[in-house]
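Please look over the sequence and the structure below before reading on. The briefing that follows takes its topics one at a time, beginning with a term that is needed for the aromatic rings.

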Amino acid sequence: MTKRQTVIVAAGLLLGIVTACKTNQTSSSPAANGNSSVTQSTPDHFAAARSTYDKECRSCHGTKGAGGPVKLEDGTKLKVPSFQEGRALRHPDSDYLKQITKGGDGMPAFEKKLTPEQMNDLIGFIREVFQPGLSPVR
């Protein structure tokens with residue numbers, strides 16, 4: 001084999017290896033190649049409700065819906081119920097809707113601040129995120 005033939009064969013092998021590596025990279029899963037931005041391609045069905053919860057509910061009900069003692073700006077102390085246990089698990093959606101709409105027991109009314117769709121989305125969010133696996137009482 002001549003020197004020229006050896007160089008051509010070596011170049012062909014190198015080209016084959018480079019092509020195989022590039023093909024392997026593009027066909028691997030996003031998690032395998034460390035591309036985490038692609039990993040979150042699943043849409044968040046509760047994005048709007050999550051935003052509403054963070055803005056309107058989280059300061060009293062907490063990040064995880066656990067409730068607890070809360071002191072308002074005017075000094076009033078409230079015992080905010082948890083969404084994760086007790087009576088909150090037995091309330092039908094209609095009770096949640098009434099409480100969100102009219103307020104009461106220290107909770108403000110949101111009938112003029114949130115649309116009916118936003119309220120229903122919040123209830124779905126609470127059921128899915130804070131009460132997973134439970135069949136909602138309708």
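Two rings of Phe, Tyr or Trp, with the six-membered ring taken for Trp, are called a pair if their centres lie within 6.5 Å. By that rule the structure, which is a predicted model, holds six aromatic pairs. The secondary structure of the protein chain comes to six helices and two strands, and from the N terminus on these elements follow the order α-α-α-α-β-β-α-α.

**Confidence in the model**

- The average pLDDT of the protein chain is 79, and 66% of the residues score at least 70.
- Among the elements of the protein chain, the lowest mean pLDDT, 49, belongs to helix α1 (residues 3-27), whereas the highest, 96, belongs to helix α5 (residues 93-102).
- Over residues 10-16 the pLDDT is below 50, and in the model this stretch has zero contacts beyond near neighbours in sequence.
- Residues 21-30 also have a pLDDT that stays under 50, and for them the model has five contacts beyond four places in sequence.

**The chain as a whole**

- Of the 138 residues that make up the protein chain, 22% count as buried.
- If one takes the contacts in the protein chain between residues at least 6 apart in sequence, 43% of them join residues at least 24 apart.

**Aromatic rings**

- A pair of aromatic rings is described by two quantities, namely the distance of the centres and the angle of the planes.
- Phe46 and Phe125 form an edge-to-face pair, with 6.0 Å from centre to centre and 65° between the planes.
- Phe46 lies in the loop between α2 (36-39) and α3 (47-56) while Phe125 lies in helix α6, so this pair ties together parts that are 79 residues apart in sequence.
- The two partners can be described by their accessibility: Phe46 counts as partly exposed, at 22% relative accessibility, whereas Phe125 is buried, with a relative accessible area of 3%.
- Tyr53 and Phe130 form a tilted pair, in which the centres are 5.3 Å apart and the planes make an angle of 55°.
- This pair, too, links distant parts of the chain, with Tyr53 in helix α3 and Phe130 in helix α6, 77 residues apart.
- Tyr53 is buried, with a relative accessible area of 1%, and Phe130 is buried as well, with a relative accessible area of 8%.
- Ring pairs link Phe46, Tyr53, Phe83, Tyr96, Phe125 and Phe130 into a cluster.

**How α3 and α6 pack**

- Helices α3 and α6 pack with their axes 9 Å apart and at an angle of about 90°.
- Angles of 65 to 115 degrees count as roughly perpendicular, and α3 and α6 are therefore roughly perpendicular to each other.
- On the α3 side, Ala49, Arg50, Thr52 and Tyr53 meet Gln118, Asp121, Leu122, Phe125 and Phe130 of α6.

**The two sides of α5**

- Which residues of α5 are buried? They are Asp93, Tyr96, Ile100 and Thr101.
- These buried residues cover an arc of only 125° around the axis, which puts them on the same side of α5.
- On the other side of α5, Lys98 and Lys102 are exposed.
- What covers the buried residues of α5 includes α6 (116-130).

**Residues after α5 and after α6**

- Helix α5 is followed by Gly103, which has a positive phi, near 75°.
- Asp105 has a positive phi as well, near 55°, although Asp105 is a residue other than glycine.
- Asp105 is placed in the loop between α5 and α6, and at 81% relative accessibility Asp105 counts as exposed.
- Pro132 has its place in the segment after α6, and at 58% relative accessibility Pro132 counts as exposed.
- Although Pro132 and Gln84 are 48 residues apart along the chain, their C-alpha atoms are separated by 9.1 Å.

Key
Residues are numbered from 1 along each chain as its sequence is written. This is a predicted model: local features need pLDDT of at least 70, side-chain atom pairs count only at pLDDT 80 or more; totals for chains, interfaces and linings use all residues. Side-chain values use heavy atoms; hydrogens and water are left out. pLDDT is the predictor's confidence in each residue, from 0 to 100. Helices (H or I, at least four residues) and strands (E, at least two) are DSSP runs, numbered from the N terminus. Contact means heavy atoms within 4.5 Å. Buried means under 20% relative accessible area, exposed over 50%, partly exposed in between (1.4 Å probe, protein chains only). The arc is that of the directions from the helix axis to the C-beta atoms. Rings of Phe, Tyr and Trp (its six-membered ring) pair if their centres lie within 6.5 Å; planes under 30 degrees apart count as stacked, over 60 as edge-to-face and the rest as tilted. Axes are lines fitted to C-alpha atoms, for helices over the stretch in contact, and angles run from 0 to 180 degrees between N-to-C directions. Angles under 35 degrees count as roughly parallel, over 145 as roughly antiparallel, 65 to 115 as roughly perpendicular and the rest as oblique.
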